[in-house]
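Reader: I've got a model open and I'd like to learn how to read it feature by feature. Can you walk me through it?

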Amino acid sequence: MSFPACDARRSEAALEDLWEIAARKKLSSADAPGLIYVFRDEELWKAGRTNNVKRRIREWERDCPAFDREWIGWRWTPYANRTEYLVHLALERICVGRPRFQCNCGRVHVEKFDFGGASTSGELILSVIEMVIDFVLSKY
Ligand SMILES: [Zn+2]
């Protein structure tokens, strides 16, 4: 993995505004139940949405092979689209960086978060996801 050409992390104020706007907006009629998953590639963490974890794991292994990818877990939510969006905002707020980099798979990734090595854990990321799920359920 070649490391960051630049940091795509947005400012605290911008992220707070985006959260407020998203939290006030009605759910899209396209929103649907699904799973929010999280994995770690070396120092970088990725959270995403799927309705089939096994298939999504195969897709990641095929499209972006990584030697020591660790799948941390996943949580179900009835509103996977809004939840994924808010999870990304929440993780971006607490991360130390969101590198934009050319990956070995040929793509430019911007959707992975750096939490500064050992200072974070899968448990912490999963608890952020659980808090966002609860937040969304309390609103809708
Ligand atoms: Zn990749």
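Author: Sure. A word on records before we start: UniProt annotations may be inferred rather than shown by experiment. Also keep in mind that this is a predicted model. With that said, UniProt, in an unreviewed entry, places the feature "domain: Bacteriophage T5 Orf172 DNA-binding" at residues 34-114.

Reader: What are the helix and strand percentages over residues 34-114?

Author: That stretch is 32% helix and 40% strand, and its end C-alpha atoms sit 25 Å apart.

Reader: Zooming out, how many helices and strands does the chain have?

Author: Four helices and seven strands. Going along the sequence, they come in the pattern β-α-β-β-α-β-α-β-β-β-α. The radius of gyration is 15 Å, close to the 14 Å from the globule rule for 140 residues, so the chain is as compact as a globular protein of that length. If you prefer a box, the C-alpha trace spans about 40 × 35 × 25 Å along its principal axes.

Reader: How do I read the sheets? Which strand order does the four-stranded one have?

Author: The general idea is that strands of a sheet pair through backbone hydrogen bonds, either parallel or antiparallel. Here, the open sheet of four strands runs β4-β2-β3-β7, with antiparallel pairing. At its edges are β4 (69-77) and β7 (113-114), each pairing on one side only.

Reader: And which helix packs on that sheet?

Author: Helix α2 (residues 53-63) does, touching β2, β3 and β4, and its direction makes about 35° with that of β2. Helix α4 also lies across β2, β3 and β4, running at about 20° to β4.

Reader: How many bridges join β2 to β3?

Author: Seven, with the two strands running antiparallel. To find the register on screen, look for Phe39, whose bridge partner in β3 is Lys46. Leu35 likewise stands opposite Thr50 in β3. On the way to the edge, two bridges join β3 to β7, again antiparallel, and Trp45 stands opposite Phe113 in β7.

Reader: What about the other sheet: which strands form it?

Author: Three strands, in the order β1-β5-β6, make an open sheet with antiparallel pairing. Its edge strands are β1 (6-7) and β6 (108-109), and each of them pairs on one side only. Strand β5 (residues 99-102) and β6 pair over two bridges, and Gln102 stands opposite Val108 in β6.

Reader: My Ramachandran plot flags Glu42. What is its phi?

Author: The background is that most residues other than glycine have a negative phi. Glu42 has a phi near 50°, a positive value in a residue other than glycine. For the setting, Glu42 is in the loop between β2 (34-41) and β3 (44-50), a hairpin with two residues between the strands.

Reader: Is Glu42 exposed or buried, or somewhere in between?

Author: In between. A residue counts as buried at 20 or more other C-beta atoms within 10 Å and as exposed at 12 or fewer. Glu42 has 15, so it is partly exposed. Try the count on Ala13 in helix α1 (residues 12-24): it comes to 8 other C-beta atoms within 10 Å, so Ala13 is exposed. Over the chain, 24% of the 140 residues count as buried.

Reader: Then what does the largest nonpolar core consist of?

Author: The general idea first: in soluble globular proteins, nonpolar side chains tend to be buried together. The largest core here has 20 residues, and those with the most contacts inside it are Ile36, Tyr37, Val38, Ala47, Val87, Ile129 and Val132. Strands β2 and β3 and helices α3 (80-94) and α4 (122-139) each supply at least two of its residues.

Reader: Which residues does Ala47 touch?

Author: Leaving out residues up to four places away in sequence, Ala47 touches Ile36, Tyr37, Val38, Val87, His88, Leu91, Ile125 and Ile129.

Reader: What share of the contacts comes from residues 24 or more positions apart?

Author: Of the contacts with a separation of 6 or more, 76%. For one pair to pick out by eye, take Ala13 and Arg93: they are 80 residues apart in sequence and 9.7 Å apart in space, C-alpha to C-alpha.

Methods. Residues numbered from 1 in each chain as written. Predicted model: local features only at pLDDT ≥ 70, side-chain atom pairs only at ≥ 80, totals over all residues. Core = buried A, V, L, I, M, F, W, Y, C linked by C-beta atoms within 7 Å. Contact = placed C-beta atoms within 7 Å. Pairing = 2+ DSSP bridges. Axes fitted to C-alpha atoms, helices over the stretch in contact; angles between N-to-C directions. Rg over C-alpha atoms; globule rule 2.2 N^0.38 Å.
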